[in-house]
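The report below walks through a two-chain model, taking single residues, helices and the contact between the chains in turn. It is meant to be read with the sequence and the structure at hand.

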Amino acid sequence: MRIRTRIATVAVGLAVCLSCLVAPPCAAADGPLQVAATLSDLACVARAVGGADVEVTVLCPGGMDPHYLPAKPSLSRKLGQADALLFNGLELEIGWLPPLLEKARNPRVRDGAPGLIDCSAALDAVLDVPSGPVDRGMGDIHPQGNPHYTVDPRRMIDVTLFVGRRFGELDPPRAAAYRDRAEAYAALLRGRLPVWQERTAGLRTRHVLLNHQHWNYLCDWLGLDVIGEIEHRPGIAPSPRHVQDMVEKSRALGDVVIVAANWDHLDVVREIASRAGASLAILPGHSGAEAGTDDYVAFLDELTRRLAGAAAAPGKE
Amino acid sequence: MCTRIPVAILIALAAPALGIAAASSSTVTGISSLMNPAISVNALFLGETSLNDDSDEANRIGLQEAEMQFTSVVDPFWTADLVIAYHQEAGHDHGDEEAAEAGGAAAFVTDVEVARIRARSLPAGLGLVLGKDYLPFGKHAPLHTHQFAFTRAPLAVRTFLGDHGLTEVGARVEATVPLPWYSEVVAYAVNGDAEIFDAHDRDLAWGARWTQLWDVAPTATLELGGSLLNGPGAREPDGPAVGLSVSGLDLTYKWVDGGQAHGPAVVWTSELILPDTAAFGHEPWGWYSHLQARFRRNLWLGLGASGIADLPHEEAGPDEVDAGSYRWDEYRLDLTFVPSEYSSLRAEVSAIVPQSSEADDLRFSLQWNFTIGSHPAHLY
């Protein structure tokens with residue numbers, strides 16, 4: 001048995017020597033800025049603003065619900081190499097980003113470091129900020145307000161300009177390039193706004209029932225009439241009573257479109273749509289969630305196309 | 001080596017923070033609450049009944065453990081965690097033996113389980129932890145009770161590492177190994193207070209762990225870990241000093257359906273524990289394997305097995321597999337309802353099967369758990 005101890009001791013000794021001899025990777029002074037983004041939407045912005053001056057890594061793939069990303073240590077390895085971290089903020093990543101940052105041990109993206117970029121700081125207004133007492137009886141609510149602003153392109157214009165400024169502060173020699181690309185991308189998004197709004201105009205005469213508050217900013221931007229949420233306490237499965245209430249409410253109002261993300265539990269969503277005779281729009285939750293939506297503009301194109309399709313085809317998915 | 005704290009001290013410790021937290025940041029006292037630590041409380045209850053054992057210990061319902069946790073940034077250099085636990089003493093690795101004897105299995109102690117500071121920014125990506133903490137041996141021993149896959153630790157872990165993990169005072173250094181996959185090495189030196197060590201010996205205990213983790217698919221990982229723990233071993237009074245060494249190997253596979261929140265998920269963990277001591281005169285070893293699967297939004301099914309073998313046994317029966325030693329196996333099956341991240345309800349059936357003349361033990365358990373306050377996210 002002693003041989004086991006010796007083997008283990010030698011193995012650990014080798015690992016210690018290896019980790020001490022080789023310094024952890026860090027950014028080259030003249031190389032591209034290493035950027036990690038928690039969400040694929042923020043990664044799109046980083047790529048658009050950074051161009052060839054950045055290399056971008058996404059922590060939460062577009063097809064995964066960002067509330068529940070497993071905090072894999074391999075993600076902390078990516079964070080350990082980052083010069084900048086773009087995160088959504090408003091506690092969206094509270095369940096996995098703190099332990100990843102802890103494990104990453106990277107002072108460039110720790111609290112207070114210039115590389116730690118909270119994109120919610122770019123927002124003028126946050127929706128759904130609780131006005132009264134907050135407790136967990138209300139479900140997994142976010143005390144600082146609704147964090148799902150990336151589905152609103154108006155707010156992402158602000159985020160783009162903000163990221164351009166922050167990249168410039170991190171990498172002053174290329175600040176002008178970051179600013180120019182940020183302004184160009186913001187102009188591109190501004191130019192698409194009327195197209196997307198026009199495409200979804202038919203939805204403004206309908207009522208919208210959301211599965212989760214993921215789409216509140218989208219509805220705010222498009223001026224849609226939201227009649228409620230199927231998941232009436234965020235993160236908690238709806239009760240049979242609430243499901244029945246939503247069916248009855250949808251039937252009474254008529255002309256209802258139910259909007260859900262592709263990662264939601266769709267059984268109950270489809271049941272309500274079927275019983276209430278409502279249209280159903282199942283949308284990619286973030287860019288990259290489905291093929292052809294890797295770019296943020298393509299993602300918004302697809303979102304608005306599906307919403308328009310649901311508005312034009314009552315009672316269908 | 002118990003750290004026993006009277007309840008009054010515990011309350012006194014918590015009260016100022018709780019009192020300030022109840023007020024807003026601009027309080028009538030003029031004291032800001034903004035710098036208060038994150039505070040959380042977790043309580044775990046367990047009801048058990050045995051078909052074969054009519055003792056109070058095997059047929060009871062009560063508190064299994066309550067933990068109060070404080071976490072805060074200390075200053076630009078350190079983050080601190082304090083975990084105060086109130087739990088059953090019997091089988092614990094550090095506690096008041098007198099209390100256990102006086103109250104039998106139901107005796108409870110209050111215990112500082114964790115009191116540590118973590119360095120916030122060391123050069124070269126190094127991590128440093130000072131204070132009292134769980135030793136990073138294997139996958140199960142570092143877990144808090146409310147993180148267990150089943151109502152109790154696996155038989156092999158209970159036998160060789162204690163029922164409640166190993167918490168020790170000392171220093172730990174962590175470093176990421178620059179390999180193409182995630183690789184971390186941890187080395188530590190501690191006081192050697194845990195039950196498995198010789199309390200009379202003043203030598204330090206030390207150990208290390210090396211973890212490798214591969215992303216075998218976008219939402220699946222395979223983790224391989226090796227652990228080593230060395231310290232002063234138990235010995236007879238006035239007998240020669242002997243060393244105790246425990247090595248371990250663990251393998252964990254995790255998969256989650258990335259396309260659906262709360263969708264199907266699988267966690268499979270297996271661990272081999274190899275104590276190595278001349279005092280035993282045998283070559284004991286133990287193992288466990290746990291499989292957990294989320295098959296519906298809020299429901300997990302668990303299947304576990306554990307075994308110990310070649311443990312020295314002076315009173316071996318005539319039908320022992322190996323005269324002078326014995327072997328036990330344990331099987332567990334549970335169903336856990338998890339309505340949210342902050343509560344769970346578990347039903348479990350477990351069987352311990354000694355391969356000797358002793359009778360099997362078949363138990364049915366019900367465990368429930370809740371967490372209130374700002375509880376830090378668990379590690380992967």
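## Report on the predicted model

Asp163(B) is placed in the loop of chain B that runs between helix H3 (155-161) and E6. The model in which this residue sits is a predicted one. Asp163(B) has 18 other C-beta atoms within 10 Å, and because a residue counts as buried at 20 or more and as exposed at 12 or fewer, Asp163(B) is classed as partly exposed. From Asp163(B) to Gln212(B) the distance is 26 Å, C-alpha to C-alpha, with their positions 49 residues apart in sequence.

A residue of chain A can be described in the same terms. Arg305(A) lies in helix H10 of chain A, and with 15 C-beta neighbours inside 10 Å it counts as partly exposed. The C-alpha atoms of Arg305(A) and Leu33(A) are separated by 35 Å, the two residues being 272 residues apart along the chain.

The table sets out the two chains.

| Chain | Residues | Helices and strands | Buried residues | Contacts (separation of 6 or more) between residues 24 or more positions apart |
|---|---|---|---|---|
| A | 317 residues | ten helices, eight strands | 48% | 64% |
| B | 380 residues | three helices, 16 strands | 37% | 55% |

**Helices of chain A**

Helix H10 of chain A, residues 296-312, has 17 residues, which at 1.5 Å a residue should span 24 Å, and the 24 Å between its end C-alpha atoms agrees with this. Buried positions in H10(A) are Tyr296(A), Phe299(A), Leu300(A), Leu303(A), Thr304(A), Leu307(A), Ala310(A) and Ala311(A). Viewed down the axis of H10(A), these buried residues fall within an arc of 125 degrees, and they therefore line one face of the helix. In an α-helix there are 3.6 residues a turn, so residues three or four places apart point the same way. The elements against which the buried residues of H10(A) pack are H2, helix H5 (153-170), H6, strand E7 (256-261) and strand E8 (279-283), which belong to chain A.

Two of these partners also pack against each other: helix H2 (residues 40-50) and helix H6 (residues 175-199) of chain A meet at an angle of about 125 degrees, and their axes are 7 Å apart. At that angle, H2(A) is oblique to H6(A). On the side of H2(A), the contact involves Ala48(A), Val49(A) and Gly50(A), while H6(A) brings Tyr178(A), Arg181(A), Ala182(A) and Tyr185(A). Sorted by class, the residues in this contact of H2(A) with H6(A) are five nonpolar, one polar and one charged.

For helix H8 of chain A, residues 240-253, the 14 residues should span 20 Å at 1.5 Å a residue, in agreement with end C-alpha atoms that are 20 Å apart. Gly254(A), just after H8(A), takes a positive phi of about 70 degrees.

**Where the chains touch**

How many residues does the contact take from chain B and from chain A? Chain B contributes 40 residues and chain A contributes 42 residues. On the side of chain B that touches chain A, at least two residues each come from strand E6 (167-176), strand E7 (182-190), strand E8 (205-217), strand E9 (220-232), strand E10 (243-256) and strand E11 (265-276). Of these, E8(B) gives the most to that side, with four residues. By class, the side of chain B that touches chain A divides into 21 nonpolar, 14 polar and five charged residues.

How values were computed: Residues numbered from 1 in each chain as written. Chains lettered and ligands numbered in written order. Predicted model: local features only at pLDDT ≥ 70, side-chain atom pairs only at ≥ 80, totals over all residues. Axes fitted to C-alpha atoms, helices over the stretch in contact; angles between N-to-C directions. Parallel < 35°, antiparallel > 145°, perpendicular 65-115°, else oblique. Contact = placed C-beta atoms within 7 Å. Nonpolar A, V, L, I, M, F, W, Y, C, P; charged D, E, K, R; others polar. Expected span 1.5 Å × (residues − 1). Arc of directions from axis to C-beta.
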